[in-house]
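Thanks, everyone, for making the time this morning. I would like to talk through the empty spaces in this structure, taking the open one before the enclosed one.

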Amino acid sequence: MYWMLVVGSHDNGVLGQVPPPLGLGGNLMANIERAFGTVPFFKALANSFMVSGAITLSVVLFSTLAGFAFAKLTFKGRNALLLMIIATMMIPNQLGVIPLYMLMAKIEWTGQIYAVIVPAMVNAFGVFFMTQYLSEAVPTELLEAARADGCTTLRIFWHVVLPAAKPAAAVLGMLTFMTAWNDFFWPLVVLTPEDPTVQTALSTLASGYVADFSLTLTGAFIATIPLLVVFIALGRQIIGGIMQGAVKG
């Protein structure tokens, strides 16, 4: 982070100096203005916030629902279905790009932000992660007591499972947000340069016959700040959940 800030505060010519500059220069604001003027960076930030936020919320919700079902509910074919979901983790995402793009083109979603959000609304890792966590974190006796009190399955999920799943949901949310924010390949394929995400905007900054590293690393520094904010915010939730469990124990 500090090196990105140092490079972003100088011009491109000082990077070849020996020894390299270690202090801040006076071109940071100028490079920030150039970054926002070269590409639609405000729109890229807004798109990335929308995509990452929507994907994070949906992955945490659906993965917790599915994890609860696989961990605590009994239904025919449960283990086989869970194995099928886990098996999809061994398939590279790049293999599905062509059929997925054909589907997006058929429903006329190419160039739309929905094409980035909807395919990532749930993933196999999230389902497996929450299944493993909830199988240990939620005692079966507690669910049976809730059913004896007349709670429906949905009320049990809302009032019993969700509070117990907060630490794991914070971890999954943090990992999902970072993955969605850093995703480059699929947004590059399906979105247009006029409506980019942060990572595709950074690739535009880095393009050209001669790479302007001061401009590129200025954009990278700006794009990293939201990740740090999310990490700090959800990190507190993780630590709080761990400490709460320690106090109860």
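If we start with the residues that line the largest pocket, they divide by class into 20 nonpolar, seven polar and one charged. I should say at once that this is a predicted model, and everything that follows is computed from it. The volume of that largest pocket comes to about 1100 Å³, and of the 28 residues that line the pocket, those closest to its centre are Asn93, Pro119, Ala120, Val122 and Asn123. As for the elements that contribute two or more residues to this lining, they are H3, helix H5 (97-106), helix H7 (124-137), H10 and helix H11 (185-190), and it is H10 that gives the most, with five residues.

Let me now turn to the enclosed space. How many cavities of 30 Å³ or more does a search of the whole structure find? The search finds one, and the largest cavity holds about 40 Å³ of space. Its lining is made up of Ser48, Val51, Ser52, Val116, Ala180, Trp181, Asp183, Pro187 and Thr197, and the elements that give two or more residues to that lining are helix H3 (41-72) and helix H10 (166-182). Here the largest share, three residues, comes from H3, whereas in the lining of the largest pocket the most came from H10. By class, the lining of the largest cavity has five nonpolar, three polar and one charged residues.

Key. Residues numbered from 1 in each chain as written. Predicted model: local features only at pLDDT ≥ 70, side-chain atom pairs only at ≥ 80, totals over all residues. Heavy atoms only, no water. 1 Å grid on protein atoms, 1.4 Å probe; cavity = no way out; pocket = protein on both sides within 12 Å on 5 of 7 lines; lining within 4 Å. Points joined across faces, edges and corners; volume = space filled by probe spheres on them. Helix = DSSP H or I, 4+ residues; strand = E, 2+ residues; numbered from the N terminus. Nonpolar A, V, L, I, M, F, W, Y, C, P; charged D, E, K, R; others polar.
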